[in-house]
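The following exercises are intended to be worked with the sequence and the structure at hand. Each task is followed by a solution in steps.

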Number of protein chains: 2
Amino acid sequence: MDLKEIKSPKDLKNMQISEFRRLADQIRFGVLNRTSKIGGHVGPNLGDVEAIIAMHYVFDAPKDKIVIDVSHEAFPHKMLTGRAYGYFTEEGFKEIGEFSSPKESPEYDLFYAGHTSPSIGLAFGLAKARDLKKEKYNVIAFIGDGSLSGGVAFEGLDAAAELNSNFIVIVNDNQMAIAENHGGLYKNLEELRETNGTSENNIFKALGYDYIYVRDANEIKNVIDAFKAVKDYDKPVVVHLNTMKGLGFIPAEEYREEFHSREPYSLGNGALLHPQTSPDYMSITRDYLLKKAKENPELLVISSATPEAFDFMEEQRKQLGNQYVDVAIAEQLGVSTMAGAARGGIKVVYPVVATFLQRAFDQHEQDWAMNNSPATMLVLHSGIRAMNDLTHLGFWDIPMLTAIPDIVYLAPTNVEEYLAMVDWSILQNRYKVAIRVPTYSLEHATEPVDTDYSDLNKFKVVKKGKDVAVIAAGDFFVKGQQVVELLSKEGIDATLINPRFISGVDEDLLQSLKADHKLVVTLEDGSLEGGFGSRVAMEVAKSGMKCLTFGLEKKFVDRYDADALEKANNLQPEQIVAEVLSGLHS
Amino acid sequence: MDLKEIKSPKDLKNMQISEFRRLADQIRFGVLNRTSKIGGHVGPNLGDVEAIIAMHYVFDAPKDKIVIDVSHEAFPHKMLTGRAYGYFTEEGFKEIGEFSSPKESPEYDLFYAGHTSPSIGLAFGLAKARDLKKEKYNVIAFIGDGSLSGGVAFEGLDAAAELNSNFIVIVNDNQMAIAENHGGLYKNLEELRETNGTSENNIFKALGYDYIYVRDANEIKNVIDAFKAVKDYDKPVVVHLNTMKGLGFIPAEEYREEFHSREPYSLGNGALLHPQTSPDYMSITRDYLLKKAKENPELLVISSATPEAFDFMEEQRKQLGNQYVDVAIAEQLGVSTMAGAARGGIKVVYPVVATFLQRAFDQHEQDWAMNNSPATMLVLHSGIRAMNDLTHLGFWDIPMLTAIPDIVYLAPTNVEEYLAMVDWSILQNRYKVAIRVPTYSLEHATEPVDTDYSDLNKFKVVKKGKDVAVIAAGDFFVKGQQVVELLSKEGIDATLINPRFISGVDEDLLQSLKADHKLVVTLEDGSLEGGFGSRVAMEVAKSGMKCLTFGLEKKFVDRYDADALEKANNLQPEQIVAEVLSGLHS
């Protein structure tokens, strides 16, 4: 049976096992076809093809409930559950997303899941529901080795071990996170692989699980046998699969980190079709950190398993040696380590992706903000134009970080200001500083930037005007300039302000505006509720000045077009000007 | 040497080991003396006395760095580091707090730490700093068995296993969290205890740690020997201590859960001096859940190891049987389990303490809010008058939960409204609902409460007036009533509004106020920035109406007097009225 004829996993049941080799090839080609053209996760989806075919051959979804962790490795699952067209047609590319999606398939994708490590906890909840309802089916969490380092995965493993009922954890061990794995757990997985699963050091057994090891899990017969052995098993069990990331595409086998997720590439040699050649904020961050670390041997750079987010590939990591630490996919630990190391008397920089930093609210507050741990966090890939998948929105970093006392959150508007802020932050020994790294094209300062930011919450008036004051933060400062320009054409000489600080407001300045301004406008590249503008509005509303806050409505959006999203939120300069004019005259 | 003569751990070095028995007795009496008079953590501090004496006898703090997890078990450490007076004098009771505090002792308490599980990550950061600085000293994380279930503790264990340098984890295993432990990890600890540490199932060894077990760690000689064996050890090692929670005070030995932390009690028989006899929101929640669970066998109650926060003691947990699940000290998993079980088609209620729910921002967003998982979260002990330690402030639940789309956050103002909201939330199948359980004395409805809250963000006008509109949320509704009353004495007929919803605003109502109101006032029992009032201010400021938001300044405060804190934040009704009058006339 060809992949294109498969409508649901039920169709697999009538196939011969010998046919699966060809099916696997077709699935791999689907993975390569799609990712080479529109980009996406390559290696994880080449490695787990046999495991996913076997899973759907042996188990009976949707009756059996499968939760695929992080779900960027769910392409084969999508192809076998009626969505193969998502990998072969232009329209399909658009319709089918990167991660599991109940909207695409409510039966087979039970959850949106794009962050790492939720599968075991979600499956534990499903199992509790099943048991309370006295139903019988298999509950399966399918989780990669990389995802096991996230604390909530451990919390799930720990709790689910107490179930006296069916609970199957499939560990897809391809020996990689995005980059190499870090931590004692991975030494244990290695030991288990090397002993064919017989080592007495076994974290899963230690937690109370039965355990089956599959030495070559890209040989489908082996996986089918293992799954048959645990189907309808009446206690928690771990099936540990040894798979090969990138299998079947030589460049992906060889450059496993580069092919974890990749922009469009040549199916011939794997080369990027549109390689990044000019500097961007990622490469600037990389070069800056390399230089700073060289200058100061007591500077530590932390990553929570996403070094590629600031262009720190193997070469750069090697250069830094023990001045670089990857704490694994564990943002909570990233923040704890930052706070601990800073307290230990060294300089620390922790670049972290906006959508992931929200995993550490508690550590931000408890370990970092309230302690004497001056350190620098660089918040990467925030706002509208960085990532655009429902599960990877960078809209909530401002509400989150600025809810916490004693974290100074800075929003630079250009390269020079960005680097001046990092310079200052690393040099000083008092404040806990987060910096929102811009994500738009590079802007450059047209006049000297400040080098000292210790006078907290001091906004910078870039152009003094009257009637309307435009306060435009970070990447949206350019938008502020455009708005002011458009207003001048309407005969309005507006004030333009670069707030720099988004975790507090310049109360004196805001109150002084009242003298010759009627209306204050805020612009920010993030969610409005709890954001920067909401603080300005609270201050401004005290005196009854009008205030219009521009940013994003608090709403989930998925794989959006950035321009369309801006338009829907009245964020285009012309729209802003129209609202300002209407506000002035109402 | 008497406890009162000990100025620092250095004084222990000259003592004979045989003297420590008496010292331990003195420390235990200090624990009992303080907690019996002002309340606090009893059992944990009775159990680890010998371990802490031994730690300070063998290691050389402050050169060696010790991080005590959660730190409500740090009383003996405090007594040995110059703070014994905190346990014997009235003034000391006030000066010395419940948790580790760099303010009290910057040398010996490196971090504020009151939430569970941070010690290993913080210590890992210290160790990285030490190694970069090429210094030599011992880094020690002292962590209870209960704290090990928090994911970040595992993340820390995992990462620190890779250190090629000294790193000592002391596991103080007293076989209890607050209540009994849950999870496979605890079966493993039990197995290790039963085999005198020799079982081949050993989670610590599996993660790559060397491992030493101490069978009776309330016998100080045993602990000293173990610590001497690992002092200056040059790789990561776990010392597993078997201690007895509550040791030495019979009621605490017998009722270990009740004596984990306790209000003032009799040193004779352990009985509470001021037992709670009248119902409060905790007992109302308990009784409600027992009733609901009986009515609906497909209703699941989840706790993340704090069942006592809603009066669910052993008896109640037993009554619920498999309709109750304790996921261990693991709020991330609490939310995942809630989301998973709701998706599995049952009703779920998760009562969680406000200051702890912030450990699950990511799960709130990813696992719960964006998924089809209608469930009910009860947020307990929020606001000014619930807890008052720096590390346990319930001020940030509103900014946090309301930053996330698709979570409906309700703030009931009295018992009947609270129960009507829970009733509605459990019945409906669409919304993800959090309810801010009141913490003040019981209020009762004076007229029938609504039973349907599916018309989201609809505020309720309780009294229609003009000029000033007072919008008072949750527990602060009473304050709103007082303000309106005081205003009426000033000749102002103010409008009084119960918003009910704090995760959104009633835009139509707010804009309609413009017709006959000059000023809008918001009152909330929480941090202002990102809070309810900031949303109202954003909406109101659009039209240039004045808005005054009352709540807490974004600031860390520690062991405050609630009335004083209210006063400092202008939250007393007279203060509010004064600001309103001034705002009206400026």
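**Exercise 1. A helix pair across the two chains**

In this predicted model, helix 15 (residues 331–343) of chain A packs against helix 6 of chain B at an angle of about 50 degrees, the two axes being 6 Å apart. Task: classify the orientation of helix 15 of chain A and helix 6 of chain B, and list the residues through which they meet.

Solution.
Step 1. Angles under 35 degrees count as roughly parallel, and 65 to 115 degrees as roughly perpendicular. The angle of about 50 degrees therefore makes helix 15 of chain A oblique to helix 6 of chain B.
Step 2. The crossing of helix 15 of chain A and helix 6 of chain B is right-handed.
Step 3. From helix 15 of chain A, the contact involves Leu333(A), Ser336(A), Thr337(A), Met338(A), Ala339(A), Gly340(A), Ala341(A) and Arg343(A). These meet Gly121(B), Leu122(B), Ala123(B), Phe124(B), Gly125(B), Leu126(B), Lys128(B) and Ala129(B) in helix 6 of chain B.
Step 4. Sorted by class, the residues of this contact comprise 9 nonpolar, 5 polar and 2 charged.

**Exercise 2. The interface as a whole**

Task: state how many residues each chain gives to the contact, and determine how chain B is related to chain A.

Solution.
Step 1. Chain B contributes 104 residues and chain A contributes 104 residues.
Step 2. On the side of chain B that touches chain A, helix 6 (residues 119–132) of chain B gives the most, with 11 residues.
Step 3. That side of chain B divides into 47 nonpolar, 34 polar and 23 charged residues.
Step 4. A turn of 180 degrees, with a shift of 0.0 Å along the axis, lays chain B on chain A with an RMSD of 0.0 Å. This is the relation of a two-fold axis.
Step 5. The same surface serves both copies, since 100% of the contact residues of chain B recur in chain A.
Step 6. As for confidence, the predictor gives the complex an ipTM of 0.97 and a pTM of 0.97. Chain A has a mean pLDDT of 97, and 100% of its residues reach 70 or more.

**Exercise 3. Two helix pairs within single chains**

Task: describe how helix 20 (residues 477–489) of chain A packs on helix 24 (residues 573–585) of chain A, and then how helix 1 (residues 20–38) of chain B crosses helix 3 (residues 49–58) of chain B.

Solution.
Step 1. Helix 20 and helix 24 of chain A pack at an angle of about 55 degrees, with their axes 9 Å apart. The two helices of chain A are therefore oblique to each other, and helix 20 of chain A passes helix 24 of chain A in a right-handed crossing.
Step 2. Lys479(A), Gln482(A), Val483(A), Leu486(A) and Leu487(A) in helix 20 of chain A meet Pro573(A), Glu574(A), Ile576(A), Val577(A) and Val580(A) in helix 24 of chain A. The contact holds 7 nonpolar, 1 polar and 2 charged residues.
Step 3. In chain B, the axes of helix 1 and helix 3 come within 10 Å and cross at roughly 125 degrees. Helix 1 of chain B is therefore oblique to helix 3 of chain B, and their crossing is right-handed.
Step 4. Helix 1 of chain B supplies Phe20(B), Leu23(B), Ala24(B), Ile27(B) and Arg28(B), which meet Val49(B), Glu50(B) and Ile53(B) in helix 3 of chain B. By class, this contact has 6 nonpolar, no polar and 2 charged residues.

**Exercise 4. Backbone features in loops**

Task: locate Pro62 in chain A and in chain B, and give the place of Val70(B).

Solution.
Step 1. The peptide bond from Ala61(A) to Pro62(A) is cis, with omega near 10 degrees. Pro62(A) occurs in the loop between helix 4 (49–58) and strand 2 (65–68) of chain A.
Step 2. The peptide bond from Ala61(B) to Pro62(B) is cis, with omega near 5 degrees. Pro62(B) is placed in the loop between helix 3 and strand 2 (65–68) of chain B.
Step 3. Val70(B), although not a glycine, has a positive phi of about 50 degrees. Val70(B) lies in the loop between strand 2 and helix 4 (75–83) of chain B.

Definitions and conventions:
Residues numbered from 1 in each chain as written. Chains lettered and ligands numbered in written order. Predicted model: local features only at pLDDT ≥ 70, side-chain atom pairs only at ≥ 80, totals over all residues. Contact = placed C-beta atoms within 7 Å. Helix = DSSP H or I, 4+ residues; strand = E, 2+ residues; numbered from the N terminus. Nonpolar A, V, L, I, M, F, W, Y, C, P; charged D, E, K, R; others polar. pLDDT = per-residue confidence, 0-100. Least-squares fit on C-alpha atoms with pLDDT ≥ 70 in both. Axes fitted to C-alpha atoms, helices over the stretch in contact; angles between N-to-C directions. Parallel < 35°, antiparallel > 145°, perpendicular 65-115°, else oblique. Left-handed = near helix turned anticlockwise from the far one by under 90°.
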